[in-house]
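Biologist: Hi, I'd like to go through this protein with you. Can you pull it up so we can chat about it?
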Amino acid sequence: MTDVTRSRPLSPHLQIYKPIPTMVMSIVHRITGGALYFGTILVAWWLIAAASGAAYYDWVSWLFGTWIGKLVLFGYTWALVHHMLGGLRHFMWDLGYGYEKHFATKVAKATIICSVALTLLIWVVGYLVR
């Protein structure tokens with residue numbers, strides 16, 4: 001290494017940056033986007049089971065009805081809602097709104113609060129209409 005390369009500052013990374021709400025929500029948005037791939041496979045599996053006959057559909061429905069199945073479906077619901085709200089936040093930015101630091105921070109915090117609240121609402125309504 002030359003003296004020039006040793007004197008260069010290191011690029012910032014996650015150990016240097018202080019996590020802020022907009023940064024965390026950006027990371028979570030990417031993670032939920034990836035999780036939606038897995039959830040879409042579950043939806044396709046359920047549809048294939050419905051088309052395959054009553055016995056297979058009943059087995060898949062039983063599996064999704066177990067506590068672990070419900071936990072996975074709850075997580076999928078949250079990922080879907082959170083990713084949708086994050087997408088709306090990005091759409092707002094694409095239109096040129098919401099770049100002010102305080103407003104962007106409020107929207108990032110609202111995204112997590114609203115995604116949890118909407119997920120709970122969806123599940124409560126789902127159980128009420130059963």
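Biologist: Let's jump straight in with V116. Is V116 buried, partly exposed or exposed?

Modeller: V116 is partly exposed, because its relative accessible area is 39%, and between 20% and 50% falls in that middle class. Bear in mind that this is a predicted model.

Biologist: Okay, and which helix is V116 in?

Modeller: V116 sits in helix α5. Its C-alpha is 9.6 Å from that of A79, although 37 residues separate V116 and A79 in sequence.

Biologist: What about A79, which is in α4: which other residues are buried in that helix?

Modeller: Along with A79, the buried residues of α4 are G69, Y76, T77, V81, H82, L85, G86, R89 and W93. The buried residues of α4 pack against α2, α3 and α5.

Biologist: H82 caught my eye. Why does H82 count as buried?

Modeller: H82 has a relative accessibility of 1%, and buried means under 20%, so H82 makes the cut.

Biologist: What does H82 touch, then?

Modeller: If you skip residues up to four places away in sequence, H82 touches M25, V28, H29, T32, T111, I112 and S115.

Biologist: M25 is on that list. Where is M25 found?

Modeller: M25 is in helix α2. M25 is buried, because its relative accessible area is 7%, under the 20% cut-off.

Biologist: And which residues does M25 touch?

Modeller: Again leaving out residues up to four places away in sequence, M25 touches H82, R89, A108 and I112. The C-alpha atoms of M25 and A108 are 6.2 Å apart in space, with their positions 83 residues apart in sequence.

Biologist: Let's stay with α2. Which residues of α2 are buried?

Modeller: They are T22, M25, V28, H29, T32, G33, L36, G39, L42 and A49. These buried residues pack against α3, α4 and α5.

Biologist: Now one on the outside. Why does Y37 count as exposed?

Modeller: Y37 has a relative accessibility of 64%, and exposed means over 50%, so Y37 qualifies. Y37 lies in helix α2 too. The C-alpha atoms of Y37 and Y76 are separated by 9.8 Å, and these two residues are 39 apart along the chain.

Biologist: Does the span of α2 fit its number of residues, or not?

Modeller: It agrees. Helix α2 runs over residues 21-52, which makes 32 residues, so at 1.5 Å a residue α2 should span 46 Å, and its end C-alpha atoms are 45 Å apart.

Biologist: What about the span of α4?

Modeller: That agrees as well: the 28 residues of α4 should span 40 Å at 1.5 Å a residue, and its end C-alpha atoms are 40 Å apart.

Biologist: What comes just after these helices?

Modeller: Just after α2, G53 takes a positive phi of about 130°. Just after α4, G96 has a positive phi too, of about 95°.

Biologist: Switching topic: how do α2 and α3 cross?

Modeller: Their axes come within 7 Å and cross at roughly 145°. On the α2 side the contact is made by L42, W45, W46, A49, A50 and S52, and on the α3 side by Y56, Y57, W59, V60, S61, L63 and F64. By class, the residues in this contact are 11 nonpolar, 2 polar and no charged.

Biologist: How about pockets? What volume does the largest pocket have?

Modeller: The largest pocket has a volume of about 480 Å³. It is lined by 17 residues, and the closest to its centre are F64, K70, L73, T77 and W123.

Biologist: Which helices supply the lining?

Modeller: α2, α3, α4 and α5 each supply at least two residues of the lining of the largest pocket. In that lining, 10 residues are nonpolar, 5 polar and 2 charged.

Biologist: Let's zoom out. How many helices and strands are there in the protein?

Modeller: There are 5 helices and 0 strands, and along the sequence the pattern reads α-α-α-α-α.

Biologist: And what share of the residues is buried?

Modeller: Buried residues make up 24% of the 130 residues in the protein. As for contacts between residues at least 6 apart in sequence, 68% of them join residues at least 24 apart.

How values were computed: Residues numbered from 1 in each chain as written. Predicted model: local features only at pLDDT ≥ 70, side-chain atom pairs only at ≥ 80, totals over all residues. Heavy atoms only, no water. Helix = DSSP H or I, 4+ residues; strand = E, 2+ residues; numbered from the N terminus. Expected span 1.5 Å × (residues − 1). Buried < 20%, exposed > 50% of the residue type's maximum accessible area, 1.4 Å probe, protein only. Contact = heavy atoms within 4.5 Å. 1 Å grid on protein atoms, 1.4 Å probe; cavity = no way out; pocket = protein on both sides within 12 Å on 5 of 7 lines; lining within 4 Å. Points joined across faces, edges and corners; volume = space filled by probe spheres on them. Nonpolar A, V, L, I, M, F, W, Y, C, P; charged D, E, K, R; others polar. Axes fitted to C-alpha atoms, helices over the stretch in contact; angles between N-to-C directions.
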